[in-house]
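Biologist: I would like a close look at one part of this model. Please take me through its surroundings, step by step.

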Amino acid sequence: MTCNGQQQAAKCSRRRFLALGAASALTAASSQALAVQTADDVKWNETADVVVLGYGNAGTNAAIAAHDAGASVVILEKMAEGGGNVAVSSGGFVVPTDKKAYYTYLKSLYELSHSQWEPELLEVFCDESMKLLEYVQALEPKAKVGVYGHAGYQSLPGADSVRKFSIRGVPGKKGGDRLFGVLARAVESRGIAVHLSTPARRLVMKNGEVIGVEALRGGKPFFVRAAKAVIIATGGFQCNPELMQTYIFGQPMSYLGSPGHTGDGLLMAQSAGAQLWHMNAVSAPLGIQVPGVKAGIALVTRQPAFIWVDQYGKRFCDEKGLDYHCSWMAVNHFDAIHHKYPAIPCFMVMDESYIKAGPIVSAGGSGYAINRENYVWSKDNSAEIKSGVIVKADTLAELAQKLNIPAKALESTVAQWNSDLKTHGVDTQFGRRISADPKQKSVFVGRDVKAWSAPLSEKGPYYAVRLVPVLYHTMGGPKRSVKGECLDTQGKPIAGLFAVGELGSLWGLTYQGACANSDAMIFGRIAGREAARLASRR
Ligand SMILES: Cc1cc2nc3c(=O)[nH]c(=O)nc-3n(C[C@H](O)[C@H](O)[C@H](O)COP(=O)(O)OP(=O)(O)OC[C@H]3O[C@@H](n4cnc5c(N)ncnc54)[C@H](O)[C@@H]3O)c2cc1C
């Protein structure tokens, strides 16, 4: 397309804009990092003061706040149903007992891992965290809430202030669906318009301001004008392999949440000139990928007779001592001599007692695989043994051969583990505790539910599953202001644009669980309120 002269410019821009619009229907998310610079004549399909992208946690909270502050709001959601990650999450959120102590605790987390953080943002977050219970109960006075957990890093100053809450007492619904239920009902009762199956593709900009968005509806471009602002709340990029390779060291990895998290919001914000931060941070335990199921399944080890080994057949960490959300860091190293990631995948090696005790993953757990793809792990693990997800062998040598790891190394690793526990009563390699109870020093005997460590049986059969990091969420994305505004590379707000939730979250490399939902709720609300305050553009 060629354009000559100033008079042609607007026409050209309009033609190019429409051509790109049509093309974008076919392109993959990762190649859309181009905002539309438009002249005057976009044919808008719809207008609202505030256009929210994403009908999940941050998006619902933003929409509710913007509506309650007097703005007209429309939500565009990519998937056929709302809820994204929040609906398949455990639904936890932190309400601390003391703001100052909580600030000290979270600050230490950033400092430990040398992660990027902003004191002002943390200040606002801690302040608002104190009010979260009040907020949830104002949305739905009959909602019952209860404490289910505490600080992930107990030794840090201020850890005592951390209380994880979730919504209780909704039969047939799990934590995430309960939390999203409260938010979705608040959206519905306010009559806020939600367009499902309407992925936002590109921002529409004019003179450096974001004035709307191009989405797809029924496969066709759908232009929504934002009289005040666009709020991007589209989640992370864990389901976009290209972006994962770009930002996250150590592969392969999988994800636990909605497959809708393909980084669309990240690319849109970048196209408007957003500044990015802590792109290298994720929250990920280890888990299992079942072939034919999109999302992975997180592993929570509940029996004592197991170890994890790498591709050299060696243990590499205290399997029970790792912080759950940081487990990915224990496997995430590249062997520069043998040129591979020796612990991605790694293997959980178990004996018959582990398998006989019931399903090796929690059937009642959170995540998309169990709660949306309806994967049901067999009660006696037999289906997974049959399908090869759990590898079974009569001897350790045969198991090693099936896993393609050195047999002698696996035999000697198991022999050392068994001898450590039987002879010394301790794990001499990594100091894994015998029991959840720190006072219990003796070797595991019998059916001790608190037992963390036990020797593997001297006799087969033995079992193994392949483990990879499975992501709860990515942390990185556009940097935001205390008002939730999307900042440019100079640290200035991009006019008409907010970015909240998992997208550019507050969190760095060391993440305290149950803070992602709080972050999305808090900054979603703030962004909604601030967007509604803006003057309306004619
Ligand atoms: C298994 C699991 C358990 C978890 N448990 C907890 C927990 O207990 N506590 C906690 O604090 N955190 C937890 N988390 C993390 C937390 O739930 C998320 O980080 C949080 O919900 C993020 O909110 P969000 O609004 O950014 O994303 P979401 O709630 O996922 O909402 C984003 C929405 O945007 C939509 N979207 C994406 N692209 C587009 C597009 N182009 N156009 C329109 N819409 C789009 C998505 O489909 C989605 O509906 C968990 C996560 C998982 C996966």
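Biologist: Where does Ser72 lie, and which helix and strand flank that place?

Modeller: This is a predicted model, in which local features need pLDDT of at least 70 and side-chain atom pairs pLDDT 80 or more, while totals for chains, interfaces and linings use all residues. Residues are numbered from 1 along each chain as its sequence is written, and side-chain values use heavy atoms, without hydrogens or water.

Ser72 sits in the loop between helix H2 (57-68) and strand S3 (73-76). Helices (H or I, at least four residues) and strands (E, at least two) are DSSP runs, numbered from the N terminus. Ser72 is partly exposed, at 36% relative accessible area. The classes are buried (under 20%), exposed (over 50%) and partly exposed (in between), using a 1.4 Å probe and protein chains only.

Beyond its neighbours within four places in sequence, Ser72 contacts Ala48, Asp49 and Val50. Contact here means heavy atoms within 4.5 Å. Asp49 is 23 residues away along the chain, yet the two C-alpha atoms are 5.1 Å apart. A polar side-chain atom of Ser72 is also 2.9 Å from the backbone nitrogen of Asp49.

Now follow H2 itself. The axes of H2 and H15 come within 7 Å and cross at roughly 35°. Axes are lines fitted to C-alpha atoms, for helices over the stretch in contact, and angles run from 0 to 180 degrees between N-to-C directions. This crossing of H2 and H15 is right-handed. Right-handed means that the near helix is turned clockwise from the far one by less than a right angle, left-handed that it is turned anticlockwise. On the H2 side, the contact includes Asn57, Ala58 and Asn61; on the H15 side, it includes Asn517, Ala520 and Met521. The H2 contact with H15 has 7 nonpolar, 5 polar and 2 charged residues. Nonpolar covers Ala, Val, Leu, Ile, Met, Phe, Trp, Tyr, Cys and Pro; charged covers Asp, Glu, Lys and Arg; the others, Gly among them, are polar.

H2 also packs with helix H6 (residues 175-189), at about 35° with the axes 9 Å apart. The H2 and H6 crossing is left-handed. Asn57, Thr60, Asn61 and Ile64 in H2 meet Phe180, Leu183, Ala186 and Val187 in H6. That contact of H2 with H6 has 5 nonpolar, 3 polar and no charged residues.

Back to H15, residues 516-533, which holds Asp519. Asp519 is buried, at 0% relative accessible area. Its side chain makes a polar contact with the side chain of Arg480, at 2.8 Å. A polar contact is a pair of N or O atoms within 3.5 Å; within protein, one must be able to donate a hydrogen and the other to accept it, and residues adjacent in sequence count only if both atoms are side-chain atoms. Among the other residues in contact with Asp519 are Phe125, Trp507 and Gly524.

Then there is the ligand. It is surrounded by 41 residues, the closest being Glu77, Asn85, His261, Glu502 and Asn517. Near means a heavy atom within 4 Å of the molecule. Ala58 has a polar backbone atom 2.8 Å from a ligand oxygen. For Val86, the backbone distance to a ligand oxygen is 3.3 Å. For a backbone N or O atom of Gly91, it is 3.4 Å.
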